[in-house]
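User: Please take a close look at a single part of this model. I would like its position and its packing set out in one connected account.

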Amino acid sequence: ASFGFYKIRLLNQKKFNQKILEIQEEERLRISNELHDTIAQNLKSIQMVSENQNNQPVSKLAETSINQIRTLCYNLMPPDFNIEKSDSKLENLLDFLCKDLTSKGFACHFFSDEKIPKIEDKNVLLNIFRIVQEALNNAQIHSKATNCSVLVKNKDSSIIIFVTDNGIGIPEEILKNGKQNHYGIHSMRSRAEIIGAKLDINSEENDGTEIRLEIKI
């Protein structure tokens, strides 16, 4: 009986985690739409007026701000995820994340096998995107790394993603004692569980971190 209760508890926890993540994605979408439909449009109007008045400094500032908002909107909710039949490819989405970080001065290299199976389930695609996004965020903000890399492999009916950095590593007590919220580790593990993926985090003090995500296909 106790084993059955334990299984029910785990199932309920998984459903609860999934609902929380769904609510988060809905809020991301709402904020992304608000930014695009209000601030970005207002800046576009300012850019057009300043160009007509030959005010190049204001026009350039508006253009830069628009590009920054577009990147922010993409990170909040990639537009293809709003389309029922998404044509997004995993490698294109992850390559975008790496290029975005590199453009901000944080070297992030992307590598991929030539033939990566397309993931048709956009919920799976979105959760993979978020896991890698969180891993890169950790590398940039917490690890004091100077560079990182994302590698996508196609192996034995699985897609395997490696995210590595050369930073100071994740403290052992964070990984062992469950104090995970600061690093988003709990979110990454919850997302991996929801899509039936396997997530491993290997980290050594002053020897960087490697996050390995395996998705059966």
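Analyst: **Helix α4 and its surroundings**

Helix α4 (residues 122-141) lies across β1, β2, β3, β4 and β5 (209-216), and runs at about 15° to β3. The model is predicted, with local features taken at pLDDT of at least 70, side-chain atom pairs at 80 or more, and totals for chains, interfaces and linings over all residues. Residues are numbered from 1 along each chain as its sequence is written, and side-chain values use heavy atoms, without hydrogens or water. Helices (H or I, at least four residues) and strands (E, at least two) are DSSP runs numbered from the N terminus. Angles, from 0 to 180 degrees, are between N-to-C directions, with axes fitted to C-alpha atoms, for helices over the stretch in contact.

The strands under α4 form an open sheet of five, in the order β1-β2-β3-β5-β4 and with mixed pairing (a pair needs at least two DSSP bridges). The edges are β1 (107-112) and β4 (198-203); each has a single partner strand, so one side of each is left without a neighbour in the sheet. On average, and ignoring direction, neighbouring strands are turned by 10° against each other. At the β1 edge, β1 pairs in the parallel sense with strand β2 (residues 147-155) over six bridges. Phe110 has Val150 in β2 as its bridge partner.

Helix α3 also packs on this sheet, where α3 touches β1, β2 and β3 (158-165), and the direction of α3 makes about 160° with that of β1. Both α3 and α4 therefore belong in any account of how the sheet is covered: α4 lies across β1, β2, β3, β4 and β5, while α3 touches β1, β2 and β3.

Next come the helices that meet α4. The axes of α3 and α4 come within 10 Å and cross at roughly 20°. That angle makes α3 roughly parallel to α4 (under 35 degrees is roughly parallel, over 145 roughly antiparallel, 65 to 115 roughly perpendicular, and the rest oblique). From α3, the contact (heavy atoms within 4.5 Å) is made by Leu90, Leu93, Leu94, Leu97 and Leu101. From α4, Leu125, Ile128, Phe129, Val132, Gln133, Leu136 and Gln140 take part.

Helix α2 meets α4 as well: their axes come within 10 Å and cross at roughly 120°. The two helices are therefore oblique to each other. Here Tyr74, Asn75 and Leu76 of α2 touch Phe129, Arg130 and Gln133 of α4. Phe129 and Gln133 of α4 thus appear in the contact with α3 and in the contact with α2.

Helices α2 (residues 56-76) and α3 (residues 90-103) also pack on each other, at an angle of about 135° and with axes 12 Å apart. That makes α2 oblique to α3. Thr71, Tyr74 and Asn75 of α2 form this contact with Leu93, Phe96, Leu97 and Asp100 of α3. Tyr74 and Asn75 of α2 are also among the residues that touch α4.

As for confidence, the protein chain averages a pLDDT (the predictor's confidence in each residue, from 0 to 100) of 82, and 84% of the residues score at least 70. Among the elements of the chain, β3 has the highest mean, 96, and helix α1 (residues 2-52) the lowest, 74. Where pLDDT is low, the predicted coordinates should not be read in detail.
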